Amino acid sequence: MLLFVLAAVAVIVAVRWVAAHTGLPAAALLPLIGIAYALLPGPNIELDPDLVLMVVLPPLLYSAALDSSLLDIRRNLRIVVSLSVLLVLLTGILVGIGFHLFVAGATLAAGIAVGAAIAPPDPVAALAVGRRVNLPPKMVTIIQGEGLLNDATALTMLSVAVAAAVGGEFSFPGAVAKFLLAAIGGIAVGAAVAWLVRLARPLTTDPLMSNAISLATPFVAYLLGEELHVSGVLAVVIAGLIVGHQTPQLGSGAARLQTSAVWRLVDFLLEGFVFLLIGQQLPEVVKGLRQYETSTIVIAVAVSVGVVLLLRPAWLVLTQSLPRSLHTRLGGVSEQDDPDEPGSSARQIARADRNAQRLSPREVTALSWSGTRGVISLAAIFTLPLTTHSGAPFPDRDLLLFCTFVVVLVTLVGQGLTFAPLVRRLGLRANETDQARVRNEARSAAVEAALARLDEVAAEDPDSAVAVNTTRTQLLARLARYRGRLDLLEQSESSEIPTSPEYETALQVRRTAIDAQREELVRWRDSGRLPDEELRVLERELDHEELLLPKRTSS
């Protein structure tokens, strides 16, 4: 097992290197490698659905929620709910109806079960590609929000379908009540866990303690939600969104830096193992297909893949083509309302902001191709019981496993490999100039606030004049640099950040100076004049200074 884990880490690192140098998404390459390994003789790892749902899913969802924007998701809540709740439900129902009508011997409940499993997209592949091609922030927010919320919808729907399939009595009002209870309860549990984290943060000034609390939070939220028979997945998401929103106000900078680094490592390893694990399930999902006729398998796969690929664009086009009057009733702004008028209310301005979130045809096209499925679909379908209450085999379980695997493979590899070329062809790129302008305006405002606070300090404590003047000089130099960047950005008519030879030269000089200091410290250590412990302290200071420099010299 240890050798297998080490080999998997080596494969993940190698694929990440290939992805970085070729532009191909690692999320699409790793399943193919997993399939190739599964076809070789030797031991294989079978997917344990409980392990995925209890150990892998909570930290991945929590980390994604920490990196998401609660305000942006709320601003795009209508389209996010449309995709993560309504579309997931409709996908499950249509797949179930398709199985019932066209797949020989399939029941409606079994069809809805596989529909619920394949309904929720896994945004990891789409987001990895989207960030590489600089997808606009609104698109990233929608994909993130959809991926965070759709798992709870799908898993609740799956439990209802399985209960009906194994022989339990099905009640539509009861199913709706169960769904609402799971959702409301999950939101309440997530908010409660976030509140507890907020209470604990001021007591944990040590970065290691803060990091330990952060790593434990998703598991606490999930287990508490499941123990109370509500949506543990939704509890994790809500806790992550609230904690991520409050993080800038809580804890120390050192704790935030360390926590961010740890979560990046967790994401990197867990996502890599998950995508390798997907490919290795091939022997398990095909071993039970001998009992089915080829035509039955083809029809079942066609129904599953067809609904997944065709319904999403149809739904996006339909919801974005609603009449203006209906959009107004749903919270948009009518043509008679002008938010720029002096008498406009805050509610009208908010409505105008929501209305501005309507998607363009290019955005609809890109979102239609971003619905990659992942390990959650496989973990969900593997939770199907082997038998019903009567002791009979669960209807078409092996066929449902195979259909789910094919959907995951088609979307993860097919859409994952073609998403970047599609986005480039559509010309969907974030306006880098606007992003840089906002950053530098915020930096300038922050420095001006600091200068104003220094004036207050000087007035309250005359003895601090020397320290205040020194700090003010440094801040004024920084403010002049930010305003110079703003002037350059204001003059630019391109969506790409304009280059500034002086700014790039200054950054290069600062990096050269840091490198020289680091080399000198190492020479002191090697000559025996500086203990290793002291070297690490001084090196950490230089690392933080280097971290402040922008990765792109023109940003």
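This passage describes the helices, helix contacts, salt bridges and selected buried residues of a predicted model.

In the predicted model, the chain comprises 555 residues, of which 46% are buried, and its secondary structure consists of 23 helices and zero strands. Among the contacts in the chain with a separation of 6 or more, 80% are accounted for by residues that stand 24 or more positions apart.

Helix α8, which spans residues 137-165, takes part in two helix packings that are described here in turn. In one of them, helix α6 (residues 108-118) packs with α8 at an angle of about 160°, and the two axes lie 8 Å apart. Because the angle is over 145 degrees, α6 counts as roughly antiparallel to α8. The crossing in which α6 passes α8 is left-handed. On the side of α6 the contact is made by Ala109, Ala110, Ile112, Ala113 and Ala116, while α8 contributes Ala154, Met157, Leu158, Ala161, Ala164 and Ala165. Sorted by class, the residues of this contact between α6 and α8 are eleven nonpolar, with no polar and no charged residues.

In the other packing, α8 meets helix α11 (residues 232-246) at an angle of about 165°, with the axes 8 Å apart. The same cut-off of 145 degrees applies here, and α8 and α11 are therefore roughly antiparallel to each other. The crossing of α8 and α11 is left-handed. Leu148, Leu149, Asp151, Ala152 and Leu155 of α8 are in contact with Val233, Leu234, Val237 and Leu241 of α11. When these residues are divided by class, the contact of α8 with α11 has eight nonpolar residues, no polar residue and one charged residue.

Salt bridges form a further set of contacts. Side chains of opposite charge can pair when their charged atoms come close. In this model the count comes to 13 salt bridges, including the three that are described below.

Helix α8 is also involved in one of these pairs, in which Lys138 forms a salt bridge with Glu363, the closest N and O atoms being 3.3 Å apart. This pair links distant parts of the chain, since Lys138 belongs to helix α8 and Glu363 to helix α17 (residues 361-368), with their positions 225 residues apart in sequence. Both Lys138 and Glu363 are buried.

In another pair, Arg483 forms a salt bridge with Glu448, with 2.7 Å between the closest N and O atoms. Here too distant parts of the chain are linked, as Arg483 is in helix α21 (residues 465-491) and Glu448 is in helix α20 (residues 432-460), 35 residues apart. Arg483 has a relative accessibility of 41% and so counts as partly exposed, and Glu448, with a relative accessible area of 37%, is likewise partly exposed.

The third pair lies within a single helix: the side chains of Arg518 and Asp515 meet in a salt bridge with an N to O distance of 3.4 Å. Because Arg518 and Asp515 are three residues apart in helix α22 (residues 501-526), about one helical turn separates them. Arg518 counts as buried because its relative accessibility is 17%, which is under the cut-off of 20%, whereas Asp515, at 35%, counts as partly exposed. Through salt bridges that share partners, Asp515, Arg518, Asp543 and Glu546 are joined into one network.

Two further buried residues can be considered through their surroundings. Asp267 lies in helix α12, which covers residues 253-279, and Asp267 counts as buried because its relative accessibility is 14%. When neighbours within four places in sequence are left aside, Asp267 is in contact with Leu60, Ser63 and Gly272.

Ser377 is placed in helix α18 (residues 375-382), and with a relative accessible area of 0% Ser377 is buried. Not counting residues up to four places away in sequence, Ser377 touches Ala117, Ile118, Pro120, Thr404 and Val408. The C-alpha atoms of Ser377 and Val114 are 8.8 Å apart in space, although the two residues are 263 residues apart in sequence.

Methods:
Residues are numbered from 1 along each chain as its sequence is written. This is a predicted model: local features need pLDDT of at least 70, side-chain atom pairs count only at pLDDT 80 or more; totals for chains, interfaces and linings use all residues. Side-chain values use heavy atoms; hydrogens and water are left out. A salt bridge is a side-chain nitrogen of Lys or Arg within 4 Å of a carboxyl oxygen of Asp or Glu. Helices (H or I, at least four residues) and strands (E, at least two) are DSSP runs, numbered from the N terminus. Buried means under 20% relative accessible area, exposed over 50%, partly exposed in between (1.4 Å probe, protein chains only). Axes are lines fitted to C-alpha atoms, for helices over the stretch in contact, and angles run from 0 to 180 degrees between N-to-C directions. Angles under 35 degrees count as roughly parallel, over 145 as roughly antiparallel, 65 to 115 as roughly perpendicular and the rest as oblique. A crossing is left-handed if the near helix is turned anticlockwise from the far one by less than a right angle, and right-handed if clockwise. Contact means heavy atoms within 4.5 Å. Ala, Val, Leu, Ile, Met, Phe, Trp, Tyr, Cys and Pro count as nonpolar, Asp, Glu, Lys and Arg as charged, and the others, Gly among them, as polar.
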